[in-house]
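Open the model in your viewer and show it as a cartoon. Keep the sequence panel in view for picking residues.

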Amino acid sequence: MRREPVRGPMARWQPWRWVLADVQVLQAPAGLATATWPVAADEAGPVPLESAAGAAVPAGAQHWGFAGLPVTLHPEDAEGYLLNVTAPAPCFWVLWREPEADDGLPQPLIVTLSYHDAGRWLDAQERVDQVPAPADVVAWLADYAHRHHRPEPKRRARPASFQPLTDRFGQPARISTGATRRGGPA
């Protein structure tokens, strides 16, 4: 997460803001690149970080890292992963909460690669930001999604209730719930 100063007229009310800067993979299956972390990855709590050399970072910005947020894949959510890998820009989504105090730190809670998870969180009015996923993570996710994806079976389309009923020749059909009368009243 990056705390950066706000510029312009809005700075009168909010001198700085928190933004999701990056998601770094610390532990991964074989074949995926991992990042180095300044402390043991299992240590809890935020860690102040130095910005990457050559990165375009606003003056006065501070970076904080939060380790220990696993990305768990579920076979029944393979469709959500496929939606992510087939998107123009596959990404990680992070659900996080603003700090309660002015000098507090944000709370990243969950990281996912599923479009479905991110959509549910956004529907629930949660704060969700995204960052691009590395190419090796996207390839690994695509392989996982293709292995576990089971398309839903096609279902018969029900007729639209708002359209008039017609017989097989296209003539208007009448439906009566009363007794059928042939030849007039009985």
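The tour goes from the whole chain to a strand, then to a helix and the serine before it.

**Whole chain**

Start with everything selected. This is a predicted model. Colour by secondary structure: there are three helices and seven strands. Trace the chain along its sequence and the order reads β-β-β-β-α-β-β-α-β-α. Now switch on the surface. About 13600 Å² is exposed, and 52% of that comes from carbon and sulfur atoms. Of the 186 residues, 28% count as buried. Contacts often span long stretches of sequence: taking those between residues at least 6 apart, 58% join residues at least 24 apart.

**Strand β5**

Select residues 91–97, which form β5. Is this strand mostly covered or open? Six of its seven residues are buried, so the strand is mostly covered, buried being under 20% relative accessible area.

Add residues 128–132, strand β7. This strand pairs with β5 in the antiparallel sense, over five bridges. To see one bridge, pick Cys91 and its partner in β7, Pro132.

Next add residues 107–112, strand β6. The pairing of β6 with β5 is also antiparallel and has five bridges. Here, pick Val94 and look across to Val111 in β6.

**Helix α2**

Select residues 115–123 for α2. Which residues of this helix are buried? Show side chains for Asp117, Ala118 and Trp121. These three lie on the same side of α2, because they cover an arc of only 95° around the axis. In general, an α-helix has 3.6 residues a turn, so residues three or four places apart point the same way. Bring the strands back into view: the buried residues of α2 pack against β5, β6 and β7.

Step just past the end of the helix to Gln125. Its phi is positive, at about 65°.

**Ser114**

Now move back to the loop between β6 and α2 and select Ser114. Ser114 counts as buried because its relative accessibility is 0%. What does its side chain reach? Show Asp77: the two side chains make a polar contact at 2.5 Å. Then look to the start of α2, where a side-chain oxygen of Ser114 comes within 3.1 Å of the backbone nitrogen of His116.

Finish by showing the wider surroundings. Beyond its neighbours within four places in sequence, Ser114 is in contact with Asp77, Gly80, Tyr81 and Trp93.

Definitions and conventions:
Residues numbered from 1 in each chain as written. Predicted model: local features only at pLDDT ≥ 70, side-chain atom pairs only at ≥ 80, totals over all residues. Heavy atoms only, no water. Helix = DSSP H or I, 4+ residues; strand = E, 2+ residues; numbered from the N terminus. Buried < 20%, exposed > 50% of the residue type's maximum accessible area, 1.4 Å probe, protein only. Polar contact = N/O pair within 3.5 Å; in protein donor to acceptor, adjacent residues only side chain to side chain. Contact = heavy atoms within 4.5 Å. Pairing = 2+ DSSP bridges. Areas by Shrake-Rupley, 256 points an atom, 1.4 Å probe, with all protein chains shown as cover. Arc of directions from axis to C-beta.
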